[in-house]
Amino acid sequence: MVEQFVGKWKMTSSDNFDEYMKAVGAGFASRQMANLAKPSLTIALDDQGFISMKAVTTFKTLEIKFKLDEEFDETTADDRKVKTIMSLADGKLIQTQTWEGKTTIIEREIQDCKMIAKCTMDDVVAIRTYEKDA
């Protein structure tokens with residue numbers, strides 16, 4: 001089921017992301033860079049069942065490698081140290097990050113050949129849309 005996410009994706013739109021970044025506690029400078037960045041995201045699956053997600057922007061490159069349903073340490077683009085679990089449910093790739101008693105969830109799903117990333121922190125929701133990069 002992860003196979004539908006595999007490939008290279010380019011962000012085409014981002015709605016309410018500044019409010020989401022404020023909600024997770026990102027500072028002004030991090031939010032400014034995040035709002036300017038148009039990341040390309042590469043998702044790959046290897047023979048051992050590890051999934052890698054590599055986000056590349058002009059400011060920073062971040063890569064995480066994980067197995068589904070296994071907790072791992074992640075450092076986010078805004079330098080939060082979080083515990084992350086990635087899982088699959090109802091065709092969605094769900095990323096749950098926890099730190100300092102807080103939780104944020106990023107749900108990725110494929111709709112009409114686009115990947116929609118719904119970022120939720122408390123009652124703040126941001127939607128980022130990606131299209132397959134040929």
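**Exercise 1. A charged pair in a helix**

Which side chains meet in a salt bridge at 3.2 Å, N to O? Find the pair and work out how it sits in its helix.

*Solution.*
- Step 1: Keep in mind that you're looking at a predicted model.
- Step 2: The pair is E19 and K22, whose side chains meet in a salt bridge. The cut-off here is 4 Å between a Lys or Arg side-chain nitrogen and an Asp or Glu carboxyl oxygen, and the pair's distance is 3.2 Å.
- Step 3: Now find the helix. E19 and K22 both sit in helix α1, residues 17–24, and because they're 3 residues apart, about one helical turn separates them.
- Step 4: Count up with that rule and you get 9 salt bridges.

**Exercise 2. Walking across the sheet**

Put the strands of the open sheet in order, then say which ones stand at the edges.

*Solution.*
- Step 1: Strands in a sheet pair through backbone hydrogen bonds, either parallel or antiparallel.
- Step 2: Here 10 strands line up as β4-β3-β2-β1-β10-β9-β8-β7-β6-β5, with antiparallel pairing.
- Step 3: Look at the two ends. β4 and β5 (72–75) each have a single partner strand, so one side of each has no neighbour in the sheet.
- Step 4: Ignoring direction, neighbouring strands are turned by 25° against each other on average.

**Exercise 3. Matching residues across strands**

Pick out residues that face each other, starting at β4 and working along to β8.

*Solution.*
- Step 1: β3 (residues 51–56) pairs with β4 over 6 antiparallel bridges. I51 is opposite F66 of β4, while S52 has K65 as its bridge partner. A hairpin links β3 to β4, with 4 residues in between.
- Step 2: Hop to β1 (residues 7–15), which pairs with β10 (residues 124–132) over 6 bridges, again antiparallel. Here S14 of β1 faces R128 of β10.
- Step 3: On to β9 (residues 114–121), which is joined to β10 by 8 antiparallel bridges. K114 stands opposite E131, and C119 has A126 as its bridge partner.
- Step 4: β8 (residues 102–111) runs antiparallel to β9, with 7 bridges joining them. Try I105: its bridge partner in β9 is T120.

**Exercise 4. Two turns with a positive phi**

Which residue takes a positive phi in the hairpin of β9 and β10, and which one does so in the turn between β8 and β9?

*Solution.*
- Step 1: The hairpin of β9 and β10 has 2 residues between its strands, and D122 is the one with a positive phi, near 55°.
- Step 2: β8 and β9 also make a hairpin with 2 residues between them, where D112 in the turn has a positive phi of about 50°.

**Exercise 5. Exploring the pocket**

Describe the largest pocket: how much space does it hold, and what lines it?

*Solution.*
- Step 1: The space in the largest pocket is about 790 Å³.
- Step 2: There are 34 lining residues, and the closest to the centre are F17, A55, L62, A77 and R128. You've met R128 already, as the residue opposite S14.
- Step 3: Sort the lining by type and you get 18 nonpolar, 7 polar and 9 charged residues.
- Step 4: Strand β4 (residues 61–66) contributes the most to this lining, with 4 residues.

**Exercise 6. Reading an annotation**

What does the UniProt record say about residues 7–24, and what's in that span?

*Solution.*
- Step 1: The unreviewed UniProt entry annotates residues 7–24 as "domain: Cytosolic fatty-acid binding proteins".
- Step 2: In the model, this span is 44% helix and 50% strand, and its end C-alpha atoms lie 28 Å apart.

Technical notes
Residues numbered from 1 in each chain as written. Predicted model: local features only at pLDDT ≥ 70, side-chain atom pairs only at ≥ 80, totals over all residues. Heavy atoms only, no water. 1 Å grid on protein atoms, 1.4 Å probe; cavity = no way out; pocket = protein on both sides within 12 Å on 5 of 7 lines; lining within 4 Å. Points joined across faces, edges and corners; volume = space filled by probe spheres on them. Nonpolar A, V, L, I, M, F, W, Y, C, P; charged D, E, K, R; others polar. Pairing = 2+ DSSP bridges. Axes fitted to C-alpha atoms, helices over the stretch in contact; angles between N-to-C directions. UniProt positions renumbered as here; feature names shortened; annotations may be inferred.
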